[in-house]
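These are my notebook entries on a structure that I had not examined before. I set out to look up how its chains meet and how its metal is held.

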Amino acid sequence: MKEPVYIGENPSTAPDLSELLVRVAQGDHEAFGSVYDAMSGPVFGLVRSILRDPAQSEEVAQEVMVEVWRNAARYRPEKGSAMAWTMTLAHRRAVDRVRSAQASSDREQRAALLEHTPAFDEVTEQVETRLEREQVRRCLRTLTELQRQSVTLAYYRGLTYREVAELLALPLGTVKTRMRDGLIRLRDCLGVTA
Amino acid sequence: MTADLHTLAGAYVLHALSPEELAEFERHLSDCDSCALEVRELAATTQRLGAAVATAPPPEMRVRVLRQIATVRQEPPEVPPERAGRVRTRRIGGVIPRLVLAACVAGALLGGGVAAWQYQEARDARDQAQLAERSNDELMGVLTSPDVVVESTGLDDGATGTVLVSAERDRAVFVASGMAEPPAGMVYQLWFDDDGTMRPGGLMDPADGPTGSAVLMDGPVNGAGGMGITLEPAGGSPQPTSDPLLVMAFPEAG
Ligand SMILES: [Zn+2]
């Protein structure tokens, strides 16, 4: 009566990230190693896009990966994928870091952010992310200019919507709305399902 | 104002709200299903934006992270508070995806593990790895069985006992949370209740480490109507020698 137990939908495939996180929550170091290998690239890339400074980015990315270990039991699959959970964590951490540092910095420095080209243009091309990058880039082009700027300034730069509004000289309500309808358009273009 | 709140979902997933607005939107989120769904979808969307800038971190970071987690205690899952003495029954039908179910019972399992961690803070990560190993196979089989039914009950001292039964596998798993360590020389013994007759169902010794608080009960359920726990001399007894600390009826199969 002893039979293998498969948790995922397809027993023949490698364990997916959600399944791995369940094992991480049980203290499984090997599962964590696999989770690290799958997630550290996206986490590091995102954190670096927001923080810029390589040493700080490494420090924050490391904190995020340790937090995945520490809080794996709090991951709730019904609220989204394991990757989305981790990336939300990473974004939150990076944004917190940038805001605490920014509290003292001046407005001109923020204005300089607008001059930056989008982060994904600067990253060294990696085979495994090239397709993803192409698709995201293509879908970002389907957004209006205001939608695209609102979304990318907040996501890749860590600005609040008030800061985005100030930077783009737009009413607050407009930026709120552009962020939402921009993401909705992006969702539809990428074919994202929750 | 409510209509206005709905529009914050985008700024919310971008972490672009002020702390006050964040608190307000999170309150709204807890009772607005359409925003909750939108947040899930938009967070899945921003994740794609993140994946598009993926960059391999320096290889030394992996070494550092793996070394660091060996000394980092894992947080328990968030479980709803339960009052002592209140009995709660949850039915988990076959319609729930197995993955969700597995995560949810793994949560219950770890909820039990916490009990051991609380008085064994010093135990290192090796015990946690053991938990994964020893809880495998049949135990995981029960936890992930599509027909598993779950029942929890509170004990006088605030501890919680949860039993998971799979009729298909004819096995039961008991998970304790917050149970005190047994007195020296004593163990907790589990019993199947065969219509008033107690049949030994294995030992549960929290001193074994985290594994001690989640146990696959020995032998098949075999029609037992419930289970109980007593405190017995080390090694266990053929019949209970003390009053039960807990008696629970098995939930009916959903
Ligand atoms: Zn709403």
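The entries below take the contact between the chains, then the charged pairs, then the metal site.

**Entry 1: the contact between the chains.** I noted at the outset that this is a predicted model. I then looked up how many residues each chain gives to the contact: there are 79 from chain A and 71 from chain B. I found the area buried between chain A and chain B to be about 6,900 Å², with carbon and sulfur atoms giving 63% of that area. Within chain A, I recorded A:Gln26, A:Arg74 and A:Arg180 as the residues that lose the most area to chain B; together they make up 10% of what that side buries.

**Entry 2: polar contacts and the side of chain A.** I looked up the residue pairs in polar contact between chain A and chain B, both residues at pLDDT 80 or more, and the count is 26. I next asked which elements of chain A give two or more residues to the side that touches chain B; among them are α1 (17-25), α4 (82-102) and α9 (172-190). The largest share comes from α2(A), with 12 residues. By class, I listed 40 nonpolar, 19 polar and 20 charged residues on this side of chain A.

**Entry 3: salt bridges.** I found 8 salt bridges between chain A and chain B, while the count over all chains comes to 20. I looked up two pairs individually. A:Glu132 forms a salt bridge with B:Arg48, and their closest N and O atoms are 2.6 Å apart. B:Glu75 forms one with A:Arg74, with the closest N and O atoms 3.8 Å apart. This second pair joins two chains, because B:Glu75 lies in the loop between α5 (59-69) and β1 (87-91) of chain B and A:Arg74 in the loop between α3 and α4 of chain A.

**Entry 4: the zinc ion.** Which residues are the protein donors of the zinc ion? I found B:His6 (ND1), B:His28 (NE2), B:Cys32 (SG) and B:Cys35 (SG), lying 1.9 to 2.3 Å from the ion. The 4 donor atoms subtend angles of 102 to 122°, and the arrangement is therefore tetrahedral. I wrote down the spacing of the donor residues in sequence as H-x21-H-x3-C-x2-C. B:His6, in helix α1 (residues 2-6) of chain B, and B:Cys32, in the loop between α3 (19-30) and α4 (33-51) of chain B, are 26 residues apart, and the pair links distant parts of the chain.

Conventions:
Residues are numbered from 1 along each chain as its sequence is written. Chains are lettered from A and ligands numbered from 1 in the order in which they are written. This is a predicted model: local features need pLDDT of at least 70, side-chain atom pairs count only at pLDDT 80 or more; totals for chains, interfaces and linings use all residues. Side-chain values use heavy atoms; hydrogens and water are left out. Contact means heavy atoms within 4.5 Å. Buried area is the accessible area (1.4 Å probe) that two parts lose on being put together, summed over both. A salt bridge is a side-chain nitrogen of Lys or Arg within 4 Å of a carboxyl oxygen of Asp or Glu. A polar contact is a pair of N or O atoms within 3.5 Å; within protein, one must be able to donate a hydrogen and the other to accept it, and residues adjacent in sequence count only if both atoms are side-chain atoms. Helices (H or I, at least four residues) and strands (E, at least two) are DSSP runs, numbered from the N terminus. Ala, Val, Leu, Ile, Met, Phe, Trp, Tyr, Cys and Pro count as nonpolar, Asp, Glu, Lys and Arg as charged, and the others, Gly among them, as polar. Donors are N, O and S atoms within 2.8 Å of the metal (3.2 Å for Na, K and Ca); water is not among the atoms, so sites may look incomplete. Four donors count as tetrahedral if all angles lie between 85 and 135 degrees; four count as square planar and six as octahedral if opposite donors are over 155 degrees apart and all others between 65 and 115; anything else is irregular.
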